[in-house]
Amino acid sequence: MQAKERIEKLRATPIVQRVEKFFPAIAFLAGFGWDSITLGTMVYGSDLLILLAYYVGAFILVILLSAKLDHPEGWTKERLAAVAKAQGVQTAPGPATSKEPQTKVEEVAEKIKSAAENKAQQIADKIGYESTAVPVNAIVVHHRFLDREWSPVWKARFTWAVQFLFGGLFSALVVCYFKSSGSLASFLLVIALACMLVGNEFLQKKYESFGVSLAFFCLLGTMFLNFIIPHVVHRIGFFWFLLSTLLSLGLCVWIWKISHRSKAVLVAPVFISSLLIVAYLMNWVPPVPLVLKQQIPCQNFDRKNFSCDVDAPGFLQKLGLQAPSVHKAPDGEVYFLAAVYAPAALKAELEYRWYYKDPSTGEYRLTDKISSGRMVINGGREQGFRSYSKKSKVPAGKYRVETAYKDGAVIGSLAFDVIDELRDSSGYVRDSLR
């Protein structure tokens, strides 16, 4: 007890109180930094197990937060009748106008109610919640585990744990989805996840609301399952995303069913699930877990070692302030090489979308979609699965090539200039996909 008092006294000092204000920010930055370092290079089985533990933990806590006293007053007419019946008092005999049986019921029930409530309070003081459950020998009623009201202390513990687990999932998903985002639309989805990651630091009290917790669990569940299922089935695509969405929504419906809450709490999960399906069909959802590792526009490609001639980059190109270029002969071919990482044994077909910037309108228009059997990813290589596309008779101008999941979302893109003018040998360097 003395140790506890010392801790409380220490926490009451001004210096500690100031430092404590920064604890959430420190925890947030540390968690996000760790995810960026570890998940930012490659996803391992241990990473998936940690994320699965976060998800299962959040699942259990959302169930606990759904707890609610069906009858806050604790004693309904049905419960009083059950008490009386347990003591052998019958209400059935006698004329309907007689009040004597009911009076006996209430007298017996009142005595047992008082004793039972005292015992229930003793239990609540020990385990941290108020409940309509009372000792079996005092009352005979059906009681649900979730038919209770958590004490403020325990509710705060649960919401803190939910905030931590949601934050861990958000942090990992932001990193993973960011690595796979290759278009503005998919990047906006990542920004939305990042905003929720930051907002999660301020939502502990909000998580006391079962509806809020269930809505966030549905969103995180769909995004998490969409990421982890391809590692298990070695496939990606709309069917698997739909399965992820339905599994997540199904768990939310099951939690709602056992909680005996109003159907209104399902509005947000259903809306979120519908919105995510539309987003996937619009190619706004990054094609996780595919990650673009490297891309090169070049010429004189060697298929044996995936090397080619690239223009020696200038100072601005090295800084990323100027697009790369390909100086070629007027009738020369242009190659575009890309390396895409995928988990071991995962198979997915890629396609390259070539866009040409129309000088008259200043807009990029799609000119070619290139895919073939040699562009089917065979995952597992840390540096990424290597593939290429080429175009002949390429007029000079500005181009953009998107590396994408076939008929799906963009994994990455690169804009570059094609110039019909050969340089001398010093103007080129030999580069290759690692």
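## Cysteines, a cavity and salt bridges

Cys 298 and Cys 308 pair up as a disulfide, with their sulfur atoms 2.2 Å apart. Cys 298 sits in strand β3 (residues 291–302) and Cys 308 in strand β4 (residues 307–311), so the bond ties together parts that are 10 residues apart in sequence. Keep in mind that this is a predicted model. The torsion about the S-S bond of Cys 298 and Cys 308 comes to about -100°, so this disulfide is left-handed. The count of disulfides is one.

How do these cysteines sit with respect to solvent? Cys 298 has 0% relative accessibility, so it counts as buried. Cys 308 is buried too, again with a relative accessible area of 0%. Two further cysteines can be placed as well: Cys 176 is buried at 2%, whereas Cys 195 is exposed at 51% relative accessibility.

Strand β3 turns up again in the cavity story. There is one cavity of 30 Å³ or more, and about 70 Å³ of space lies in the largest cavity. Its lining is made of 12 residues, with Val 43, Lys 179, Pro 289, Val 291 and Tyr 341 nearest the centre. Which elements supply at least two residues each to that lining? They are α7 (152–180), α9 (210–233) and β3. Helix α7 gives the most, with three residues. By class, the lining has seven nonpolar, three polar and two charged residues.

Now for the charged pairs. A search of the whole structure turns up 11 salt bridges, including these:

| Salt bridge | Closest N and O atoms |
|---|---|
| Glu 149 and Lys 155 | 2.9 Å |
| Lys 205 and Glu 208 | 2.9 Å |
| Arg 430 and Asp 309 | 2.8 Å |

The pair of Arg 430 and Asp 309 brings us back to β4: Arg 430 lies in strand β13 (residues 428–432) and Asp 309 in strand β4, so the salt bridge ties together parts that are 121 residues apart in sequence. At 45% relative accessibility, Arg 430 is partly exposed.

What about the other pairs in the table? Glu 149 is partly exposed, with a relative accessible area of 29%. Lys 205 is exposed at 61% relative accessibility, while its partner Glu 208 is partly exposed at 28%.

Salt bridges also form a network here, and the residues linked in it are Glu 351, Arg 353, Arg 400 and Glu 402.

Key
Residues numbered from 1 in each chain as written. Predicted model: local features only at pLDDT ≥ 70, side-chain atom pairs only at ≥ 80, totals over all residues. Heavy atoms only, no water. Disulfide = S-S within 2.5 Å. Helix = DSSP H or I, 4+ residues; strand = E, 2+ residues; numbered from the N terminus. Buried < 20%, exposed > 50% of the residue type's maximum accessible area, 1.4 Å probe, protein only. 1 Å grid on protein atoms, 1.4 Å probe; cavity = no way out; pocket = protein on both sides within 12 Å on 5 of 7 lines; lining within 4 Å. Points joined across faces, edges and corners; volume = space filled by probe spheres on them. Nonpolar A, V, L, I, M, F, W, Y, C, P; charged D, E, K, R; others polar. Salt bridge = Lys/Arg side-chain N within 4 Å of Asp/Glu carboxyl O.
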